[in-house]
Amino acid sequence: SVYGSGAKFLRLFDADASDACGAYVFPRQGTSLWDICAGNAIVEALGGKMTDRFGLPISYAVDKARPDAFQQLSGFVATCDPALTTRITDQVTATLDLARLGKKSDTIPLSILGQVLQAPDDDPVVAFSCPAQSAVRQKHMTGVQIVARHASGRTTAAFFKRTVPEELPERTSKRWRRDVASYLTESNFYAHIIPLVDPAASIFP
């Protein structure tokens with residue numbers, strides 16, 4: 001076993017190590033920027049690639065006023081092969097998207113999805129997936145395309161946006177009020193503009 005993030009980063013490039021690994025994956029929060037910054041520089045300098053779990057560059061520009069300013073909230077994936085990093089982040093994020101949608105407290109019942117997609121009673125939605133390449137992920141929300149499969153075998157699609165307060169960085173009550181107002185404004189905008197763009201579309205809050 002190898003302990004310490006620095007040693008694990010170096011193992012990516014140690015072909016002679018008996019416990020060498022092809023990837024260093026930490027797909028959740030729980031590490032600090034100071035634990036990974038040197039390893040990030042080494043990986044990139046040696047031709048590898050390191051991103052957060054969503055495939056985005058890791059930012060070291062911090063807001064020191066935030067209690068979690070130096071935490072890497074979106075994990076990381078590092079490999080000595082950039083193409084491998086991309087494949088892993090695609091798989092990790094697709095798995096996380098489906099896991100989030102499938103949480104007992106935050107699931108989308110197939111019957112509700114059928115209502116959103118206006119599925120007829122004789123051709124209900126029987127399954128769905130979330131393509132990794134369709135996802136948009138930020139600190140405030142996750143947005144993914146839902147591809148639904150109907151009983152007849154045909155497929156239809158919807159876009160799902162999800163915001164969960166307990167997954168956001170710690171914030172003051174003033175910032176919460178501002179964020180809630182922003183979400184309401186966005187919802188009202190979609191409610192107004194979407195029927196103009198596509199009269200057949202529907203919005204399900």
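Ring pairs join Phe9, Tyr24, Phe26 and Phe76 into a cluster in this predicted model. The structure holds five aromatic pairs. One of them brings together tryptophan 34 and phenylalanine 70, whose ring centres lie 5.7 Å apart with 40° between the planes, a tilted arrangement. This pair links distant parts of the chain, since 36 residues separate the two partners: tryptophan 34 belongs to helix α2 (residues 33-45), whereas phenylalanine 70 sits in the loop between β3 and β4 (71-72). Tryptophan 34 is exposed, because its relative accessible area of 57% is over the 50% cut-off. Phenylalanine 70, at 35% relative accessibility, counts as partly exposed.

The cluster leads on to the strands. Phe76, a member of the ring cluster, lies in strand β5 (residues 76-79), where Phe76 and Ala78 point one way and Val77 and Thr79 the other way. These four residues of β5 are all buried, on either side of the strand. Strand β1 (residues 23-26) runs antiparallel to β5, and four bridges join the two. Within this pairing, phenylalanine 26 stands opposite phenylalanine 76 in β5; both phenylalanines are also members of the ring cluster. Strand β3 is likewise antiparallel to β5, with three bridges between them. Here lysine 49 stands opposite threonine 79 in β5. Strand β5 is thus joined to β1 by four bridges and to β3 by three.

Threonine 51 offers a closer view of strand β3, which spans residues 49-51. With a relative accessible area of 3%, threonine 51 is buried, because that value is under the 20% cut-off. Apart from its neighbours within four places in sequence, threonine 51 is in contact with Leu56, Ile58, Gly75, Phe76, Val77, Thr85 and Thr89. Among these partners, Phe76 and Val77 belong to β5 and point opposite ways from that strand.

Charged side chains come next. Side chains of opposite charge can pair when their charged atoms come close. The count in this model comes to one salt bridge. Arginine 154 and aspartate 123 form this salt bridge, and their closest N and O atoms are 2.6 Å apart. The two residues come from distant parts of the chain, 31 residues apart: arginine 154 is in the loop between β8 (142-150) and β9 (155-162), and aspartate 123 is in the loop between α4 (110-116) and β6 (125-129). The partners differ in their exposure. Aspartate 123 is buried, with a relative accessible area of 6%, while arginine 154 counts as partly exposed at 34% relative accessibility.

These details fit into the following overall arrangement. The protein contains five helices and nine strands, and along the sequence they follow the pattern α-β-β-α-β-β-β-α-α-β-β-β-β-α. Of the 205 residues in the protein, 33% are buried. Among contacts with a separation of 6 or more, 57% are between residues 24 or more positions apart. The accessible surface of the protein comes to about 12400 Å², and carbon and sulfur atoms account for 58% of that area.

Methods:
Residues are numbered from 1 along each chain as its sequence is written. This is a predicted model: local features need pLDDT of at least 70, side-chain atom pairs count only at pLDDT 80 or more; totals for chains, interfaces and linings use all residues. Side-chain values use heavy atoms; hydrogens and water are left out. Buried means under 20% relative accessible area, exposed over 50%, partly exposed in between (1.4 Å probe, protein chains only). Contact means heavy atoms within 4.5 Å. Rings of Phe, Tyr and Trp (its six-membered ring) pair if their centres lie within 6.5 Å; planes under 30 degrees apart count as stacked, over 60 as edge-to-face and the rest as tilted. Accessible areas come from the Shrake-Rupley method with a 1.4 Å probe; for residues, only the protein chains shown count as cover. Two strands pair if DSSP finds at least two bridges between them. A salt bridge is a side-chain nitrogen of Lys or Arg within 4 Å of a carboxyl oxygen of Asp or Glu.
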